[in-house]
Amino acid sequence: MPKITIDGEELEVEAGMTVLQACEQAGKEVPRFCYHDRLSIAGNCRMCLVQMERSPKPVASCAMPVGDGMVVYTDTPEVKKMRQGVMEFLLINHPLDCPICDQGGECDLQDQAMAYGMDHGRYKENKRAVEDKHMGPLIKTIMTRCIHCTRCVRFSTEVAGVTDMGLIGRGENAEIVTYLDQAVSSELSANVIDLCPVGALTSKPYAFMARPWELKKTESVDVSDAQGCAVRVDSRGPEVMRVLPRLNEDVNEEWISDKARYWVDGLKRQRLDRPYVRGKNGKLAPATWNEAFAAIAKATKGVSGSEMAAIAGDMADCESMLALKDLMTALGSANIDCRQDGSKVDPKVRASYTFNSTIAGIEDADALLIVGANPRWEAAVLNARIRKRHLMGKFPIAAIGPAIDLSYPVDWLGEGGDVLAEIANGNHPFAEVLKTAEKPMIIVGSGAAARPDGASVLGLARQIAEASGAVSGDWNGFNVLQRAASRVGGLDLGFAPGEGGLDTAGILDGVTSGAIKVLYLLGADEIASKDLDKPFVIYQGHHGDAGAHVADVILPGAAYTEKDATYVNLEGRVQRGQLAVFPPGEAREDWKIVRALSDVLGQTLPYNTLAEVRQGLVKANPVFQGIDDIQAAEWGEFGATGGVSGAFTYPIANFYMTDPISRASATMAECTDEILGGGEGKTGTDG
Amino acid sequence: MQTEQPSSFSFTSENLDKANWHIAKYPEGRQQSAVMPLLDLAQRQNGGWIPQAAIEVIADMLDMASIRVYEVATFYTMYNLSPVGEHFVQVCTNLPCWLRGSDQVMEACKKVTGCSNGETSEDGKFTVLEVECLGACVNAPMMQIGDDYYEDLDSASAEEILKALKAGETPKVGSQAGRHTCEPAGGITSLTDRYPDRAAKSGGDD
C-alpha cells in the first residue's frame, strides 16, 4: 500500500485511491464541485487543487491517483491562493442572485465562496447569460448559474442510465442541455437537483417555497415503494415542504425516486380529516369519533367472527396492523390478509416473500434472472443498483416478461410462463448460465406472485434457485420484489389468514356471496371487487380514495409523515419512520384508532403506549427487535408444483400514480402527462 | 439547432463505404472513435452543414446516444449545424493576421458578397465568418474557403478571389503574393543552388 504524506502527516492508503480521497482519510477538507464519490471523475472544476512536492504545478487532487512517497500540502498559503484564483474564475460568470436563488443556504458555491472568495470582484466586463432549458416538470433550470461541473450529465448517464443530458459547445459557450429540450425520462431524475452544487438545477414544485433554515428536518423512511429508502422530511409548521434522500449505503445509497420526493403535495389534497358515517340517505356525513365508533358497534353486533374480515393496504404501518390483527383475533375472526393484491407468497416461509440477497448483495451476484418484474418502476432505486452491478461487468441479465427498457441490457427470454418452466427443467440455455454462476440471483415480481397461478410461479422459481445453487451457505439468491411498503411487515407479524381463515381472494368471494358481513379496510384502496357495497365497510386511512368511496364508516388515520411507525422493507429490514407533522384535523395515529375502537367493541387491547405496541410486535415476531437490521430468512418449502401458462404482465401501469398519496398529487399528475404522455394531445409522443 | 431540418438523412453508398472504412480502423467496441470523420462526411455530403437527422444516423451507426454525437458536433467549430453558403469563407482575425490587415480582408468580403461576419449572402453563394487562428500566420493575412487556403491577401487580391468564385471561376490557391508556400517573402536564402529562380534578389534579410 502506498504511503503518502499529507500536511506533514504520513499515512498508508489503498492503492488506486485519488489524492482527494487520501486527504479525506487524513481528515483534511478539500473543496470540490465536480467530484462526487458515486460518479466518474471529471476533474473540470479545479477547485480541489493541492500542492505537491516535486510537481511544478498545482495538482487537481480528485483526478490524481496516489503514488508512493507523495508529499502533499492542503493548507499552505499557496494552496489557498490557487483556490481563490479558481473561485474567482468560477464567479466571473456566476450571477450575484443569491437572494432570489432557491439554492441559497444549501449552496456549495456559496459556502466555499465564504472560504475562498474575495471581498470584491475584479471582473468589469459583462457576464454571460444562458437561456434556461426545459427539463420536465420536476427540474427548474436557471442555466446562467451553471458552473459546468457536469455532475448532472454523469448522474443521468451513469446511475440513471438515460442518455438525455449532455454538455454542448465549448469554453464560454458551453451549456448543459437535454437532447432536443426533452424532459429527463428517468424515475431518478430529480436527484440531479441534490447533486447540482449551485442553483442551476433546482426543484420546480418547491420553487420559492421555503429557505432551508426555516425547515424542521425529520429523519424517516419512504413508503412509496417497498425499498424503505432513507428520507429526510422537511416541514414548516403543519406542512411537509419537501422530501430529500438520506444516506443509507445498504438501501438507497443517496438516491430516491421522483415519486418518493414529489408525491408529498398529495398529502395536502383529498385528506380525510374527520370521521364520516354513511347516513340513511346513503351519503357519507361528517361525524364525531364517538358516533363513528357507535355505528361500528351497532353494525358488528350479532355478527360472528367468521363473518368479519380485514384487509391491510400497501402503506399500513406495522403497529396498526398488529392492533387490527389482535382486534380481529379477539372478535373471533381469522379472515385477515395484508396481501391486498392477492399475492401467493407463503406467510409461513419468510424466505418466500423477502428480497433475500439484500439490496447491497446485488453487487455480489454474478448472474440474474428477472421473472415478471419491472424493477425500474417497482423499485427504481434498486434498479439503479442492478445497473451499477451491470457496469462492473460480467453480469448476465435475463428476464421473462414483455421487453421494456430497464436502463441496462437484458436478454429477453420470452413473455410466457413456459420459458420459466423450461429453465426450471434445465432445458433452457440460461439454466446453465445460472448453474455456472457462483452467486446467481432470481428476482420474482410481486405481480408474477399475485397471478392466479402465482404459487406455481414461486414453486418454479424455487426449483430454479435450488437447482442452480442459489441457496447455499450465506448466499440466498431467491428474491421477491415486493412493491408495497407494508407487505413484508404485515406478513412478518402474521397479518395473514389464521386457522381456517380466508385470504384476500376468499374474503372477496365472501363479499360477493354475502358471507362476509363486515369488512375492515386498513388503508386498502386497490381492492379488485365490484361488490364492496354489499358488506358493512369500515375504511381507516388518510386519503379519500377508492376505499373511502365504498365505506360505511370512515376513520381518518395518519399518513407516513404524521406518525411514529415501523415498516419492514422488501429485504426484511425493520425501519422506523418518525412523525414530522401532526395529522390534520381529527385524524389520529392508526394504532390508537384501533385501540380506541377495541374499547368500544368490548375487546380492549392490552396496550396503551407506543412502547407497549412495539413490545407486542417483538412478541409476534422477534425480527422486530433489531431496528435497521435484517435477520436472514430461513429457507423452506413453498410454492406449488404446476404449469404456468400465459404471458407475464407488469402490475404498474403508471409509475407516478400507484397509491392514494400519489394519485392526489398534482406534481405526479404533471409527470404522468409530460413524461409518460398520459395527457391526450398534450405531447408529441403519440404521434 | 437549425429550426428547419430535413426529415431524413442517409449516406450515399460511396460515403457509406468511406464511413465503414473509418469505423473498421478501430477495435471492436471502440467504434465511437469514428464519430468525427463520420460527422465530416455527413457535412460534406449535406452541402457544408450537419442536420439533426445525420446526427441520429451516425449515433445509430456507432451505437452511441444522439446527445453524445451532438456534444461532439457542437464542441468543434468546424462542424456547422445550420446551412452555409456554397463557398464558406473563414477569415482569420487573430493577432498576426490582424496586424497584417485582416480588417481589409473582411471589408473586401463585405464589398463583394454583402456579408458581414456570420452572415450568408442572399444568393446563397457565400457565408462569411471570422475564425480563430488557422495556422498560416507566416502568410498572414489569410482566409479559408471550402478546403482551400488563400494567403498573403490584401484588399485587391481578396476581392479578386471572391469575384472569381462569384463568377464560377477557380482562383489560384495559396499565396497571392507569388511566393512558393511559406518560403521567405523575399525569396529563399538557402538551397539557392537547387532552386535558383526562387532565390532572394539581395542579401535575404527578410
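This is a short tour of a predicted model, going from chain B across the interface and into the salt bridges of chain A.

**Stop 1: two helices in chain B**

Start by selecting residues 102-113 and 155-166 of chain B, which are helices H6 and H7. Their axes come within 8 Å and cross at roughly 35 degrees. Turn the view until one helix lies over the other, and you'll be looking at a right-handed crossing of H6(B) and H7(B). To see who does the touching, show side chains. H6(B) brings B:Gln104, B:Val105, B:Ala108, B:Cys109, B:Lys111 and B:Val112. From H7(B) come B:Ser155, B:Ala158, B:Glu159, B:Leu162, B:Lys163 and B:Lys166. Color this contact by residue type and you get 6 nonpolar, 2 polar and 4 charged residues.

**Stop 2: helix H3 of chain B**

Now move to residues 52-61 of chain B, helix H3. Which of its residues are buried? Pick out B:Gln52, B:Ala53, B:Ala54, B:Ile55, B:Ile58 and B:Ala59. Bring up helix H2 (35-45) and helix H4 (66-75) of chain B as well, since both are included in what covers those buried residues. Before you leave, click on B:Asp63, which follows H3(B) and has a positive phi, near 55 degrees.

**Stop 3: where chain B meets chain A**

Show both chains and select the contact residues: 14 from chain B and 14 from chain A. About 1000 Å² is buried between the two chains, and carbon and sulfur atoms give 62% of that area. On the chain B side, zoom in on B:Ile67, B:Arg68 and B:Phe75, which lose the most area to chain A and together make up 44% of what that side buries. How many salt bridges cross this interface? The rule finds 0 between chain B and chain A, although a search of the whole structure turns up 47 over all chains.

**Stop 4: salt bridges in chain A**

Side chains of opposite charge can pair when their charged atoms come close. For one such pair, select A:Asp250 and A:Arg573, whose side chains meet in a salt bridge at 3.9 Å, N to O. These two are 323 residues apart and link distant parts of the chain. A:Asp250 sits in the loop between strand S12 (239-245) and helix H6 (258-262) of chain A, while A:Arg573 is in the loop between strand S27 (565-568) and strand S28 (574-577). Switch on a surface here: A:Asp250 is partly exposed, at 36% relative accessibility, but A:Arg573 is buried, at 7%.

Next, go to A:Arg339 and A:Asp337, joined by a salt bridge at 2.9 Å, N to O. Are these partners buried or exposed? A:Arg339 counts as buried because its relative accessibility is 6%, and A:Asp337 is buried too, at 1%.

**Stop 5: a salt-bridge network**

Finish with A:Lys388 and A:Glu363, whose side chains form a salt bridge at 3.2 Å, N to O. A:Lys388 belongs to helix H10 (residues 380-392) of chain A, and A:Glu363 lies 25 residues away in the loop between strand S16 (336-337) and strand S17 (367-371). Both partners count as partly exposed, A:Lys388 at 31% relative accessibility and A:Glu363 at 22%. Now widen the selection to A:Arg38, A:Glu249, A:Glu253, A:Glu254 and A:Arg385, and you'll have the network of salt bridges that links them with A:Glu363 and A:Lys388.

Definitions and conventions. Residues are numbered from 1 along each chain as its sequence is written. Chains are lettered from A and ligands numbered from 1 in the order in which they are written. This is a predicted model: local features need pLDDT of at least 70, side-chain atom pairs count only at pLDDT 80 or more; totals for chains, interfaces and linings use all residues. Side-chain values use heavy atoms; hydrogens and water are left out. Axes are lines fitted to C-alpha atoms, for helices over the stretch in contact, and angles run from 0 to 180 degrees between N-to-C directions. Helices (H or I, at least four residues) and strands (E, at least two) are DSSP runs, numbered from the N terminus. A crossing is left-handed if the near helix is turned anticlockwise from the far one by less than a right angle, and right-handed if clockwise. Contact means heavy atoms within 4.5 Å. Ala, Val, Leu, Ile, Met, Phe, Trp, Tyr, Cys and Pro count as nonpolar, Asp, Glu, Lys and Arg as charged, and the others, Gly among them, as polar. Buried means under 20% relative accessible area, exposed over 50%, partly exposed in between (1.4 Å probe, protein chains only). Buried area is the accessible area (1.4 Å probe) that two parts lose on being put together, summed over both. A salt bridge is a side-chain nitrogen of Lys or Arg within 4 Å of a carboxyl oxygen of Asp or Glu.
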